[in-house]
Amino acid sequence: MRGIWTEKYRPSKFSELVGQDNSVKRVEALTNSMNIPHMLFAGPAGTGKSTLALIVVKELYKENWKENYLELNASDERGINVIREKVKNFARTKSLGNIPFKIIFLDEADALTPEAQQALRRTMENYSATCRFILSCNYSSKIIDPIQSRCAIFRFKLLEKKDIEKVILKIAEKENLAIKQDAVEILYEGCEGDCRRCINILQSTASISPSITSELVATIISNTKPRDIKVVLDYAISGDFQKAKEKLLDIMLKESISGQDVIKAIQKEIWNLPVEPVIKVKLTEKTGETEFRMTEGSDPFIQLQALLASFVLAGLGEE
Amino acid sequence: MTWTEKYRPKKFEEIKGQDEAIFKIRNFIKNFGKIKNALILYGPPGTGKTSLAYATADELNSEIFELNASDLRNKEKLRGILKPAVEQKSLKKENKIILVDEVDGISELEEGGLPELMGIINTTSYPIIITANDIWNRKFSSLRKKCELLQLKEINYNIIKSVISEISKKENLVINDNFITELSIKAKGDLRAAINDLQTLSKLKDYFSVILDERNKETDIFNSLRRIFKEKPTNDMINIFDSVNMPIDDIILWLEENIPAEYHGEELAKAYDLLSKTDIFKGRIYKQQYWRFLIYENIFLSYGIASAKKNPKTGFTSYKKPSRILQIWLNNQKTVHKKSICEKYAQYVHVGQKRAMNEFPVIKQIIKSNPEIQKELKLKEEEIEFLKI
């Protein structure tokens with residue numbers, strides 16, 4: 001078992017991509033014309049957006065693709081200025097070979113604020129002579145209209161069961177795995193149409209045993225789910241502060257989830273709590289105050305514990 | 001409602017200590033359109049800039065149209081919002097005042113806002129009032145030329161004192177005159193801060209009658225915890241930590257660890273609420289290097305937490321040593337590795353680092369038993385060790 005399978009089995013030709021026939025055909029035609037517009041790939045995670053971008057680049061530039069390709073991830077870069085700076089440096093030199101432009105792939109572009117997207121739009125305009133942008137996003141509605149209007153839009157849908165199955169069986173064959181139909185079902189359900197997640201779960205399972213059973217897959221899936229904030233709130237609401245506190249520390253420390261992410265999850269979870277509407281609003285207000293204090297640099301542990309204590313109160317039916 | 005809002009002055013007559021400024025504002029309004037179309041009120045926080053703007057609107061019986069810095073950041077948005085406001089007559093009231101609050105909040109990111117604002121100053125048919133803490137940045141040089149400038153000075157402590165006394169009367173606080181004087185001096189001309197402090201302290205029962213007590217003899221943290229958690233609050237408690245030979249930040253950790261051992265339900269919530277407020281003051285000390293806030297930390301932690309319980313408690317409780325810092329340290333060592341592994345992985349398989357962090361449990365399972373992959377990702381010795389934990 002060599003390599004990371006998501007890379008090893010990443011399609012490298014248009015014909016190998018599964019499940020996105022329409023988009024792939026149109027992108028292939030554009031690529032063959034040796035001139036592509038700015039493009040926006042919209043769709044859920046693990047449906048082939050980055051893969052398609054890579055195929056385009058490799059088709060256009062052949063062995064020189066690395067020199068002509070810049071990959072950025074909007075949610076990892078520290079702000080639009082960093083992105084602009086990187087784009088500037090990359091776009092300054094001319095492309096190698098006979099294609100007159102380079103390609104910039106900006107992943108998770110919907111992580112940018114509308115203001116940052118405005119700045120990005122200007123950057124796209126400034127370098128349109130030497131660069132083409134391929135943007136990817138989960139929701140095209142989060143991309144501002146002016147950018148959408150400058151891009152050709154391609155939608156990606158979740159992979160269907162037959163497509164996922166095709167991928168699984170192909171890998172199983174090459175890696176000499178024994179896999180039963182019911183294990184394929186569980187894999188498909190566990191990955192929810194996300195092909196990358198599917199392959200990752202498959203490889204995780206295979207790292208334990210080459211015979212892939214549905215039980216083994218199910219164990220892997222449940223073991224690898226990030227721990228839930230709901231448990232913490234359940235303890236708090238039921239009045240067990242100590243347990244809630246312990247679980248909270250567990251989540252924050254062992255899983256290294258930041259205070260900000262915890263508070264986001266708490267805010268969403270409030271709506272599922274068995275308490276009166278008035279108390280839900282009160283708790284939301286407290287949560288907002290806690291989040292504010294944390295952005296101001298307060299100690300997230302102390303602030304979150306104070307918040308948990310007010311959930312204990314809410315559980316007692318008091319405000 | 002915060003007292004700073006509750007007692008915000010509505011009219012010029014109610015604004016204390018800014019007579020000269022009021023005189024100048026009245027002149028600006030009288031001459032509006034002849035010399036300058038906009039007025040910049042600048043000065044330190046809590047000196048009444050925004051209040052003055054609203055009082056101006058009140059005096060002219062006009063509507064106020066407020067723009068904040070984030071509205072200004074965007075040229076198109078600004079044009080959309082402001083142009084109709086400048087050109088049309090207000091529906092309800094005859095007059096209108098445009099308030100651009102905290103103009104120094106404009107970020108460098110979007111260069112559009114400032115020129116657009118200048119354009120509007122040129123064409124406006126309504127007076128514009130701009131507030132700022134610091135207007136001497138170079139980027140404001142042309143804005144300064146277009147506007148009349150009015151500097152607001154820090155508010156004299158006597159005036160702060162009279163305002164604080166008035167509010168305490170209205171709120172029925174029994175409060176010692178020396179204490180008001182001290183609070184007013186320490187506010188350093190920031191009236192808003194003084195009012196905020198008063199409101200915070202008012203939440204603590206009995207604080208204002210507190211007379212500082214003699215220092216206790218040396219005692220240890222266990223004793224102090226016992227007194228705070230078990231006994232009724234007494235005035236000498238506020239100095240209880242003076243005799244504990246331990247930095248206050250450690251004391252916070254001791255309390256954090258042991259509150260749930262003694263308090264439950266409402267008591268627990270109150271105690272943690274005070275702890276979280278202590279933490280806010282701690283942040284303020286660091287940010288402003290203003291060490292007097294330590295007093296509040298001390299009071300909240302001792303008397304405050306003691307006051308959270310309904311009745312005195314009996315029986316023996318064994319208090320635990322704080323464990324959080326050690327846990328954090330241990331886990332940080334791990335997170336460093338987790339981050340660096342995800343960074344390498346993310347680049348290798350063309351995904352975002354945040355997504356890799358989210359999917360780490362699966363990724364870890366794949367990488368940990370596979371030396372080939374570890375080599376491909378160029379993982380370091382300690383990163384591989386980390387995966388085995």
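**Reading the sheet and core of chain A**

Reader: Let's start with one side chain. Which residues does F41(A) touch, leaving aside those up to four places away in sequence?

Author: There are K49(A), L52(A), A53(A), I134(A), S136(A), F154(A) and F156(A). Keep in mind that this is a predicted model.

Reader: And how do I go from one residue to a core? Which residues have the most contacts inside the largest nonpolar core?

Author: The general idea comes before the case. In soluble globular proteins, nonpolar side chains tend to be buried together. Here the largest nonpolar core holds 79 residues, and F41(A), L187(A), C198(A) and I201(A) have the most contacts inside it. Helix α3(A) gives the largest share of this core, 8 residues. At least three residues come from each of domain 1 (20–155) and domain 2 (161–221) of chain A. Apart from that core lies another, of 55 residues, and its members include Y235(A), L313(A), I259(B) and A306(B).

Reader: Okay, now the sheet. What is the order of the strands, and how do they pair?

Author: Generally, strands of a sheet pair through backbone hydrogen bonds, either parallel or antiparallel. In chain A you have an open sheet of 5 strands, ordered β2-β3-β4-β1-β5, with parallel pairing. Its edge strands are β2 and β5 (152–155) of chain A, each of which pairs on one side only. From one strand to the next, the twist averages 15°.

Reader: How many bridges join β2(A) to β3(A)?

Author: The count is 5, and the two strands run parallel. To find a spot to look at, go to N73(A), which stands opposite D107(A) in β3(A). Moving on, β3(A) pairs with β4(A) in the parallel sense, again over 5 bridges. There, K102(A) has C131(A) of β4(A) as its bridge partner. On to strand β1 (residues 39–42) of chain A: this strand pairs with β4(A) over 4 bridges, in the parallel sense. L40(A) has L135(A) as its bridge partner in β4(A).

Reader: β4(A) keeps turning up. How many of its residues are buried?

Author: Strand β4 covers residues 131–137 of chain A, and 7 of its 7 residues are buried. When you read a strand, check each face in turn. On one side of β4(A) you find C131(A), F133(A), L135(A) and C137(A), and on the other R132(A), I134(A) and S136(A), all of them buried. For the chain as a whole, 43% of the 319 residues of chain A count as buried.

Reader: So what does the opposite case look like? Why does N98(A) count as exposed?

Author: N98(A) counts as exposed because it has 8 C-beta neighbours inside 10 Å, and the cut-off for exposed is 12 or fewer. N98(A) sits in the loop between α4 (80–92) and β3 (102–107) of chain A. Its C-alpha atom is 9.5 Å from that of M34(A), although the two residues are 64 apart along the chain.

Reader: Last one: the partner chain. How many residues of chain A are in contact with chain B?

Author: As a general point, the size of an interface is often given as the accessible area lost when the parts come together. Here we can go by residues: 48 of chain A are in contact with 41 of chain B. The largest share of the chain A side comes from α15(A), with 9 residues. By class, that side has 17 nonpolar, 18 polar and 13 charged residues.

Notes: Residues are numbered from 1 along each chain as its sequence is written. Chains are lettered from A and ligands numbered from 1 in the order in which they are written. This is a predicted model: local features need pLDDT of at least 70, side-chain atom pairs count only at pLDDT 80 or more; totals for chains, interfaces and linings use all residues. A residue is buried if 20 or more other C-beta atoms lie within 10 Å of its own, exposed if 12 or fewer, and partly exposed in between; C-beta atoms are placed from the backbone. Two residues are in contact if their C-beta atoms, placed from the backbone, lie within 7 Å. Ala, Val, Leu, Ile, Met, Phe, Trp, Tyr, Cys and Pro count as nonpolar, Asp, Glu, Lys and Arg as charged, and the others, Gly among them, as polar. A nonpolar core is a set of buried Ala, Val, Leu, Ile, Met, Phe, Trp, Tyr and Cys residues joined through C-beta atoms within 7 Å. Domain bounds come from an automatic or database domain assignment. Two strands pair if DSSP finds at least two bridges between them. Axes are lines fitted to C-alpha atoms, for helices over the stretch in contact, and angles run from 0 to 180 degrees between N-to-C directions.
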